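Work through these short exercises with the structure open beside you. Try each task before you read its solution.

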Amino acid sequence: MDDTTTPPSAPHLDDAQRRTLVALFDALLPPAPAGDDPAPAGDDPAPAVPGAGTAGGDRYVEQLLGAFDHDPPRIWAGGPTSGRHGGIDGFGDFLELSGWEALAWRRRIEGWAEAYRTGLTQLGEDFASLDESGRLERIERLDPGFRDLAFEHACESLYGDPVYGGNRDGSAWAAIDFRGDTAPTGWTDDEVTNPHGPGGPTW
Amino acid sequence: MVTDCDAVVVGSGPGGSTAAHALTRAGWDVIVLEKGRNHLLALEPPFGPLGHMSNDELKFTRRHVLGPDPILEPRSFRRDGADGERIHVGDVNNLPSTVGGGGVHADGKLPRFREDDFALRSSLGPVEGADVVDWPIAYADLEPYYAEAERLVGVAGEETNPFAAWRSGPFPMPPGADMFGATLSAPAAERLGLHPYRAPTGANSVPYDGRPACVNCGFCGYYGCPVEAKGDPVALLRAALRTGRCRIVPESLVVGVTRTPDGRTATGVRYLDLSAGPAAGDPPVRELRSRVVVLAGGAFETPRLLLRDGLGNSSDQVGRNLMVHFQTLTVGAFPFRVFGASRGRSVTHVHDDHIVGDDAQRAAARAAGLPWIRGGLVEHGGAAGPVQEALIYGPGRHHPDAMRDSSLRERLWVFTMQGEDLARPENRIDLDPTLRDVWGGPAGRMTWSPHRHELAASAHVGPILEAVLFEAGVEWAVTSTSPPLGEDAAAHPMGLAPASRHIVGTARMGARAEHSVVDPECRLWDCPNVVVCDSSVFCTSTGYGPTLTLIALAARTAALLTGEPLSAADPGSGPR
């Protein structure tokens, strides 16, 4: 998997905030061990699902809040391919933003940065040391707007492309048997029409 | 008058690109102004791809790469006046605002309309509370342009739909690979008496026009194509550029049409040069002079421009009769993977039966107190990507198992009926009274609610679609609508505004100036050297996606402008 994330020049989360964020994301999208029921979508035994925080949620948020520490800003990964399935390794070459697009994204990120500062403070520095019920109790008391934002970012970080900082080494995609980007190789016509092979699916 | 070009085209989506192609081919010099960025193709020879399109769920579905960014260009929505000035601000039916427009993100389902669609009033009659009309043109008028549109874009399909209108020739390409889910749902539909067929699709099934065949990557609807297998609109724009008579200027927001003192003749356009960026202060205002102005901003932005500019509205019809496909969404999960979210073209099969109707549908209309109801094209397709799925499940301990089980993605199969929406003058686009875009212009506002025809059609078809899914083997099935209905509608994840990007009808074509905005050749009645080349001109929504028809209309409009109309074909000349 590509991992073009590099430490930002000026971290936007301090160590305590990062620990809290990892614990928060792991509480929102918790890990699951291999082989859990129910049966996975694929035919093979279910691999472990990482927690959204442990899989790089802090790096995802750090990269997002620090998008403009880089030139071009790390908002839109490049293309047309990642190189994982042929083609060039282009995802790490982030796209330029226009001046107006940059204005919008700076505003959006400023709002998120303030939301994280406030929300992580509200969770408390001891949040990461709490047991599951303690964490859920604190999360329940969060401002709903921040709780929704954190959940959205947790989902994006865990199941989005690793180039954005989360989904470490594609571990979440592996857990759900999702190949991720496939271009330019894609799938053969037979893989599209007969994905279970000549015997068809197992009912 | 000294001009900068023969025609300025406002908008580079399917309509604008078609006009640019047709006009340049006829020898006209054309400048295309596009308010969005260019991610599609190089604007210098050899006009190759820029490489910005990719299989990236975050970039395309979460981060507005194709625009518009709702922070810069907010829109508002309300269902009717009882909602007050608005109930929602942000993304409202946002089609991409980028070079290529809505064609960039579409999965390229490109059906033609049927003969009856152009004569709805004559064939079925009026409906109380709706403004059902005939188009001032007939299918036969448009058929040669449909054929040309299919050739230019590159449409893959087959002539197996028993309800299809006549055609003068075969599809340019055979259909692509059947999605696995469709190999289950299409036979099930047939067993229940329906007539599914392979969807006409503007994605290459074989190499075509110098572009490769689709690689079935699974990132189709809502994504730009990284290999250029989708022809709309890149094929048209590239062809226009290659004439040497076309220039595309991104980041150019047209804010007015300049006119002669009597207001009857356009002399060009006035636009904001957004390329300067905010550091330069207010965007520079620039002007272009041309013989003809082509408006192709889509059925939201075209009426917004006309209204803010006070143009073309002597009939008070600009923005009215907005139609949005009323979507009926019937979903079900198979006990095994169907790969609908990860392999293929998003949708490969459709059926038309609920447009044509049957005795049961007529009975349902009578029961609802309506003279008739018509549904829409039903798309047999897959679900969205894993980020979207993850968002649906909500946080908690259940989440990882839900994702592995994937009942809402890899096991899900989706029927989407693009239900016909009847025109009503009170459903409209107008200017929000206070909301502004970042450049100070009035934001567009959508006012829309369904007529009971749409509700009755949806209520009738939903159970049929659930029965088909059960016949195909799903474990469960459920039906919802977009926009959502009922007491819990406000909590629906899709929001109260209709999700369909198929919006039409806000600058209606008509035979009489007092009831329409453009004439049968799509010229503004009030300013005839301004033509509209987008879905604004539609008189009915039909139950089909609008793109191929708006391309055909744009090609016809351009051909009439240049004095080179295509000859009508003989209905008996080709396959049906």
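**Exercise 1: a parallel strand pair**

The model is predicted. Which residue in E6(B) stands opposite Leu33(B)? Find it, then describe the strands around it.

Solution.
- Step 1. Leu33(B) faces Val249(B) in E6(B).
- Step 2. Look at the two strands. Strand E2 of chain B covers residues 30–33, and 4 bridges join it to E6(B). The two run parallel.
- Step 3. Recall a rule: in a regular strand, side chains alternate between the two faces of the sheet.
- Step 4. Apply it to strand E6 of chain B, residues 246–249. Cys246(B) and Ile248(B) point to one face and are buried. Arg247(B) and Val249(B) point to the other face and are not buried.

**Exercise 2: an open sheet**

Which strands stand at the edges of the sheet of 6 strands in chain B, and what does that leave on one side of each?

Solution.
- Step 1. Write the order of this open sheet in chain B: E5-E12-E13-E14-E11-E17. The pairing is antiparallel.
- Step 2. Read off the edges. They are strand E5 (197–198) and strand E17 (476–482) of chain B. Each has a single partner strand, so one side of each has no neighbour in the sheet.
- Step 3. Now inspect one pair. Strand E11 (residues 326–333) and strand E14 (residues 412–419) of chain B run antiparallel, joined by 8 bridges. Within this pair, Thr330(B) has Phe415(B) in E14(B) as its bridge partner.
- Step 4. Add the helices. Helix H13 (residues 452–472) of chain B packs on the sheet and touches E11, E13, E14 and E17 of chain B. Its direction makes about 20 degrees with that of E11(B). Helix H6 (residues 180–191) of chain B lies across strand E12 (347–351), strand E13 (376–381) and E14 of chain B. H6(B) runs at about 10 degrees to E12(B).

**Exercise 3: two crossing helices**

At roughly what angle do H1(A) and H5(A) cross? Classify the angle and list the residues that meet.

Solution.
- Step 1. Helix H1 of chain A spans residues 15–28. The axes of H1(A) and H5(A) come within 10 Å and cross at roughly 85 degrees.
- Step 2. Angles of 65 to 115 degrees count as roughly perpendicular. Therefore H1(A) and H5(A) are roughly perpendicular to each other.
- Step 3. H1(A) brings Leu24(A), Phe25(A) and Leu28(A). H5(A) brings Ala150(A), Phe151(A), Ala154(A) and Ser157(A).
- Step 4. Sort the contact residues: 6 nonpolar, 1 polar and no charged.

**Exercise 4: where the chains touch**

How many residues does each chain give to the contact? Then break down the side of chain A.

Solution.
- Step 1. Chain A gives 58 residues and chain B gives 55 residues.
- Step 2. Helix H3 (99–123), helix H5 (144–159) and helix H7 (189–193) of chain A each supply at least two residues of the side of chain A that touches chain B.
- Step 3. The largest share of that side comes from H3(A), with 7 residues.
- Step 4. By type, that side of chain A has 34 nonpolar, 13 polar and 11 charged residues.

**Exercise 5: the whole chains**

How many helices and strands are in chain B, and how many in chain A?

Solution.
- Step 1. Chain B has 14 helices and 20 strands. Chain A has 7 helices and 0 strands.
- Step 2. Turn to burial. In chain B, 62% of the 576 residues count as buried. In chain A, 47% of the 203 residues are buried.
- Step 3. Test the radius of gyration of chain B. A compact globule of 576 residues would have one near 25 Å; chain B has 22 Å, which agrees.

Key
Residues numbered from 1 in each chain as written. Chains lettered and ligands numbered in written order. Predicted model: local features only at pLDDT ≥ 70, side-chain atom pairs only at ≥ 80, totals over all residues. Buried ≥ 20, exposed ≤ 12 C-beta atoms within 10 Å, placed from the backbone. Helix = DSSP H or I, 4+ residues; strand = E, 2+ residues; numbered from the N terminus. Pairing = 2+ DSSP bridges. Contact = placed C-beta atoms within 7 Å. Axes fitted to C-alpha atoms, helices over the stretch in contact; angles between N-to-C directions. Nonpolar A, V, L, I, M, F, W, Y, C, P; charged D, E, K, R; others polar. Parallel < 35°, antiparallel > 145°, perpendicular 65-115°, else oblique. Rg over C-alpha atoms; globule rule 2.2 N^0.38 Å.
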